[in-house]
Amino acid sequence: MTTTTAKTKKPKGKAPGPVWDWTAGHGPVTGALSATSGCLAVATTGAATGMPPGWALTIGTAGAIGHTITSLRDRLSARTVAMRAASWLLGAGWTTWAITTGPLTWAALGSLAALGAGIGTSARATLLREEARELEAIAAAERQVARELSAERRAIAAEWADRIHRVCGISVRILAIEQWPTNTGFTIDAELPPGGTTYERIAQYAPQLSADARLPHGCTATATAGIDQGRVLIDVTTVNVLAGEITYPTDYSPLSLHTGIPWGVRTDGREVLAYLREQCALVVGPTGSGKTNMAHTILAGFARTTDVLTWVIDLNAGSAGLPWVRPALDGGGSGGTVVRPGVDWLAADYDEAMLMLTAAVRIAKHRKTAYQDLMTQANTDLLPISDRIPQIMIVIDEGAEILASPDRALRSLAEKILEVIRIARAMGIRTVLTALGATGSVLGNLMIRREAKVRVALTGGEKEGMDLAKQFPGSRGLRVDQAPYKGAGFMATPESPAALFKSWRILPNQIRDIVHTTSDRHPTLDTLSAKAAGADYARRWDHGRTAWIRDHTPQPGTAPAPAAGLNLTALRTEQQPAPEPDDITRQFRDIVAQLDTPAPGRPSTRPDNGQGLNLSALRNSGAEGGEDTSARDAVLAILLAAGPEGTGASAITRALPPEHGTTRQTIVGWLRAWAEDGTAVRIGTGTKTRYVHHRHTPGT
Ligand SMILES: Nc1ncnc2c1ncn2[C@@H]1O[C@H](COP(=O)(O)OP(=O)(O)OP(=O)(O)O)[C@@H](O)[C@H]1O
């Protein structure tokens, strides 16, 4: 029995003081105390009641035998076993003697005290020895594992030094072998022989080395530069992770353009990061290779960032961007919050794409002059990208085919794309082009070759038109048949040489989750850029320009389309009818109202003239139905009637006649628009937000 001081909070109603732990074992002191007090108690009772002295000896002998058995079972040392048995026998001997001669004499008590001290001291010594023995046993086991491991490593080192000599004719000295934590291969760190041998000499023999090592299909031995030019690192994959499906990680934590955006995994399980502050990207993949899926994982990465605005051009009916817009249309998030689309602008046809690219050129040119002071202060010639001045990433699905098109209209679009690539690097506008093939018209273009060094080739088993040497110049030993799986291929960035990689699989429900999770994280376009982009940008979600999205929304009663990645509405419960076109129009306006509203705590970056959202302009444009106009007039009337005190969205919703059927969200959108165009003044924040009609504001 030992005592411990309870450190945890005292339970109510319990007395203070030490807590007795009745289950604790004996230490040397308490063990000796327990033994001697037990002997004294038995001897005193035995002497008083005339107990036969032989009984104590019998009990002591039984105790010694029992303790010996349990100690042996616990694999304790012989010394501990002997000490415990001797304690029992000595205690029993003293008790027998004390019953015969009387326990309460100075001789008996003195000898018992001496016995207790002896037991305590030897118990402590054996305990320490037992602990040391246990530690030594653990260390010996660890040494054994290490010996086996290093024996395995030595065997690998010897085997590969021999193989490199046989296959490449180079004698290397292997310095270390690192087994990957994923157990899918290992890395060899080797010293190249003197005389100017470079790592490329080994890299060019990658297929031969893989064959000689009898690696499974899809596994490679890739040589890359080591810590200095006299060293080489050889990554040897022994398990093919490319064949299976790896789903997009469910960790949607915020990312930044500056810290890299993960696009997939290497064969050793490490994520490959794309650094796109200055680079453009090119993703090549024939049909069915997983290119659309990869485009979605790229959009997922951008959606997670706090400093990127994503613009998407997909002339194939906008399908690449639709799943990122639809969750915003399908309804609000939890608590009725407005969900912002996962992309900031979606162009599905030539005209919209032209507006987008022209706006991008205007922004790039304006940023160059408007941010001169900022760049001087920061002592940089690259615009400092942040959540206040976001980078614009223009993702152009099958953009390389636009560049190669002989069509006159597409040629003018291609010129704009090339102009953006050419002039906007420093000003924070970059592109991600996808392509069906790495054709000469794409890689033959110097601009693309120079600016788009983040490159992906999804092979999907297709060999035709896959010229890896052109797409990854300088990389040797890359063969299409190393990655004949969907979503698998090669990826290279300036930071990470071309090597096998697998893109994550992402499905519509995950896209929807990401849109919801990242809704309040997206930056807003900085005031100066928004001014330069003008009305084309501010009205990007206008009814007329987004009507095509409604066409993709199933009407009530129609069967949902097959799960082609676009039918996110089908994810809602069946009883819930699909929104009527008017509802969609309204919802979109609400989204737009929120889109250009900075997140709480972030200073406004909106243009002073409210170009980012000019819903009141719609009133005169005739773009809306009469019902909406009358509802808005009614809301305006309520606002006017509220006088200098003003009123809030909830109060207006309650006051508005129900026949208008206008939601609170719609009213919030109108109020925000009026606050921006000067019709009303916003007072307070959060739940205390009120709006006062401008006629009731001071000085009017
Ligand atoms: N990363 C991946 N992991 C596993 N399977 C994948 C992956 N990406 C795509 N696939 C599979 O490949 C199929 C085709 O993918 P996807 O539609 O993205 O190809 P694509 O190259 O865009 O083809 P298309 O141009 O014909 O649309 C998917 O339905 C899926 O089964």
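Which residues does UniProt list for "binding site" in this chain? The unreviewed entry lists Gly285, Pro286, Thr287, Gly288, Ser289, Gly290, Lys291 and Thr292. The legends below describe close-up views of a predicted model.

**Figure 1. Overview of the predicted protein chain.** The model shown is predicted. The protein chain contains 23 helices and 18 strands. Of its 700 residues, 41% count as buried. Among contacts in the protein chain with a separation of 6 or more, 69% are made by residues 24 or more positions apart.

**Figure 2. The loop between strand S9 and helix H7, with threonine 287 and glycine 290.** Strand S9 covers residues 281-284 and helix H7 covers residues 291-304, and threonine 287 lies in the loop between them. Glycine 290 is also placed in the loop between S9 and H7. Both Thr287 and Gly290 appear in the UniProt list for "binding site", which comes from an unreviewed entry. Is threonine 287 buried or exposed? Threonine 287 counts as exposed because it has 10 C-beta neighbours inside 10 Å, and the cut-off for an exposed residue is 12 or fewer. Glycine 290, by contrast, has 21 C-beta neighbours inside 10 Å and therefore counts as buried, the cut-off for a buried residue being 20 or more. Leaving aside residues up to four places away in sequence, glycine 290 touches Gly285, Leu458, Gly460, Lys486, Gly487 and Ser503. One of these contacts, Gly285, is itself in the UniProt list.

**Figure 3. The residues around the ligand.** The ligand has 14 residues around it, of which Gly290, Lys291, Thr292, Asn293 and Gly487 come nearest. Gly290, Lys291 and Thr292 are also among the positions that UniProt lists for "binding site". Gly487, named among the nearest residues to the ligand, is one of the residues that glycine 290 touches. How many nonpolar, polar and charged residues does the shell around the ligand have? The shell consists of one nonpolar, nine polar and four charged residues.

**Figure 4. Strand S13 and its parallel partners S9 and S12.** Strand S13 spans residues 429-435 and is mostly covered, with seven of its seven residues buried. On one side of S13 lie Ile429, Thr431, Leu433 and Ala435, and on the other lie Arg430, Val432 and Thr434; all are buried, and both faces of the strand are thus covered. S9 and S13 run parallel and are joined by four bridges. Within this pairing, alanine 281 stands opposite valine 432 in S13. Strand S12, residues 391-396, also pairs with S13 in the parallel sense, over five bridges. Methionine 393 stands opposite arginine 430 in S13.

**Figure 5. Strand S14 between its partners S9 and S15.** Strand S14 spans residues 454-458 and is mostly covered: five of its five residues are buried. Val454, Val456 and Leu458 point one way from the strand, whereas Arg455 and Ala457 point the other way, and all are buried. In which sense do S9 and S14 pair, parallel or antiparallel? S9 and S14 pair in the parallel sense over four bridges. The bridge partner of alanine 281 in S14 is valine 454; alanine 281 also stands opposite valine 432 in S13. S14 and strand S15, residues 488-493, pair in the antiparallel sense over four bridges. In S15, glycine 489 is the bridge partner of leucine 458. Leu458 is also one of the residues that glycine 290 touches.

**Figure 6. The open antiparallel sheet of strands S3, S4, S6 and S5.** Four strands form this open sheet in the order S3-S4-S6-S5, with antiparallel pairing. Strand S3 (173-179) and strand S5 (221-225) stand at the edges; each has a single partner strand, so one side of each is left without a neighbour in the sheet. From one strand to the next, the twist averages 20 degrees. S5 pairs with strand S6, residues 231-237, in the antiparallel sense over five bridges. Alanine 221 stands opposite valine 236 in S6.

**Figure 7. Glutamate 178 in edge strand S3.** Glutamate 178 is placed in strand S3, which stands at an edge of the sheet. Glutamate 178 counts as partly exposed because it has 14 C-beta neighbours inside 10 Å. Apart from residues up to four places away in sequence, glutamate 178 touches Phe186 and Thr187. The C-alpha atoms of glutamate 178 and aspartate 189 are separated by 8.1 Å, and these residues are 11 residues apart along the chain.

Methods:
Residues are numbered from 1 along each chain as its sequence is written. This is a predicted model: local features need pLDDT of at least 70, side-chain atom pairs count only at pLDDT 80 or more; totals for chains, interfaces and linings use all residues. UniProt positions are given in the numbering used here, feature names are shortened, and annotations may be inferred rather than shown by experiment. Helices (H or I, at least four residues) and strands (E, at least two) are DSSP runs, numbered from the N terminus. Two residues are in contact if their C-beta atoms, placed from the backbone, lie within 7 Å. A residue is near a molecule or strand if its C-beta atom, placed from the backbone, lies within 6 Å of it. Ala, Val, Leu, Ile, Met, Phe, Trp, Tyr, Cys and Pro count as nonpolar, Asp, Glu, Lys and Arg as charged, and the others, Gly among them, as polar. Two strands pair if DSSP finds at least two bridges between them. Axes are lines fitted to C-alpha atoms, for helices over the stretch in contact, and angles run from 0 to 180 degrees between N-to-C directions.
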